[in-house]
Amino acid sequence: MGTVRITDSVTLDEDELVERFVRASGPGGQNVNKVSTAVELRFDVQGSQSLPPAVRVRLARLAGRRLTDEGVLVIRAERFRTQERNREDARARLVELVREATVVPKRRIPTKPSRAAKQKRLDNKTKRSRVKNLRSGKPDFD
């Protein structure tokens with residue numbers, strides 16, 4: 001068929017996408033009972049040959065509840081009243097999710113607080129302790 005372009009280096013093969021049209025929930029009058037306008041887009045993350053392994057792992061983490069136990073990403077689009085717009089919406093959401101997964105997170109470098117920061121923290125604790133001690137004193141009625 002074709003490909004779905006995510007970034008310059010990552011593309012998805014359209015054969016890996018499975019679309020199913022189902023009935024949408026919510027308002028829509030009589031039309032909602034007759035026409036299957038909602039789209040259920042399925043993409044096998046674990047079995048995909050298009051994605052690099054690192055992107056697959058990040059995508060699985062980002063997908064959260066939308067990922068099945070078998071590693072299939074399910075996106076349900078029912079925002080619009082037409083199949084075509086829901087189809088475009090589902091694909092756009094998939095592209096955005098995969099694009100997010102292609103970004104390599106910046107590695108955190110652990111830092112230590114400076115000596116001045118430690119001293120300031122301790123001074124604030126001491127000051128606060130004094131205030132609390134003053135408040136807890138029993139009143140003198142003499």
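Biologist: Is Glu40 buried or exposed, and what is its relative accessible area?
Modeller: This is a predicted model, so the values are computed from predicted coordinates. A residue counts as buried under 20% relative accessible area. Glu40 falls in that class, and its relative accessible area is 11%.

Biologist: Which side chain does Glu40 meet in a salt bridge?
Modeller: The N to O distance of the pair is 3.4 Å. The partner is partly exposed, with a relative accessible area of 30%, whereas Glu40 is buried. The side chain that Glu40 meets is that of Arg42.

Biologist: How many salt bridges does a search of the whole structure find?
Modeller: Glu40 with Arg42 is one of them. Others include Arg79 with Asp89 and Glu84 with Arg87. The search of the whole structure gives a count of five.

Biologist: Where do Arg79 and Asp89 lie, and how many residues apart are they?
Modeller: These two form a salt bridge, with the closest N and O atoms 3.4 Å apart. The pair links distant parts of the chain: Arg79 is in the loop between strand 5 and helix 3, and Asp89 is in helix 3 itself. Their separation in sequence is 10 residues.

Biologist: Which of Arg79 and Asp89 is buried?
Modeller: Arg79 has 59% relative accessibility and counts as exposed, since the exposed class starts over 50%. The value for its partner is 10%, and buried means under 20%. The buried residue is Asp89.

Biologist: Which residue is joined with Arg79 and Asp89 into one network?
Modeller: Arg79 forms a salt bridge with Asp89. Salt bridges that share partners extend this pair into a network. The further member is Arg93.

Biologist: How many residues apart are Glu84 and Arg87 in helix 3?
Modeller: Their closest N and O atoms are 4.0 Å apart, and the pair forms a salt bridge. Glu84 is partly exposed at 44%, and Arg87 is partly exposed at 25%. Along helix 3 their spacing is about one turn, or three residues.

Biologist: Which backbone oxygen does the side chain of Thr102 reach?
Modeller: Thr102 is found in helix 3. At 18% relative accessibility it counts as buried. Its side chain makes the approach at 2.5 Å, and the oxygen belongs to Arg99.

Biologist: Which element gives the largest share of the largest nonpolar core?
Modeller: The core has 19 residues, and Phe43, Leu51, Leu59, Leu73 and Leu94 touch the most other members. Strand 4, helix 2, strand 5 and helix 3 each give two or more residues to this core. The largest share is five residues, and the element is helix 3.

Biologist: Which leucines does Leu73 touch, not counting residues up to four places away in sequence?
Modeller: Leu73 is among the core members that touch the most others. Its contacts also include Arg42, Phe43, Val45, Ala63 and Arg66. The leucines are Leu41, Leu67, Leu94 and Leu97.

Biologist: Within what arc do the buried residues of helix 2 fall, seen down its axis?
Modeller: The buried residues are Val55, Arg58, Leu59 and Ala63. They line one face of the helix, because the arc that holds them spans 135°.

Biologist: Which residues on the other side of helix 2 are exposed?
Modeller: The buried residues of helix 2 have cover that includes strand 4, strand 5 and helix 3. On the other side, the exposed residues are Pro53 and Arg61.

Notes. Residues numbered from 1 in each chain as written. Predicted model: local features only at pLDDT ≥ 70, side-chain atom pairs only at ≥ 80, totals over all residues. Heavy atoms only, no water. Core = buried A, V, L, I, M, F, W, Y, C linked by side-chain atoms within 4.5 Å. Buried < 20%, exposed > 50% of the residue type's maximum accessible area, 1.4 Å probe, protein only. Helix = DSSP H or I, 4+ residues; strand = E, 2+ residues; numbered from the N terminus. Contact = heavy atoms within 4.5 Å. Arc of directions from axis to C-beta. Polar contact = N/O pair within 3.5 Å; in protein donor to acceptor, adjacent residues only side chain to side chain.
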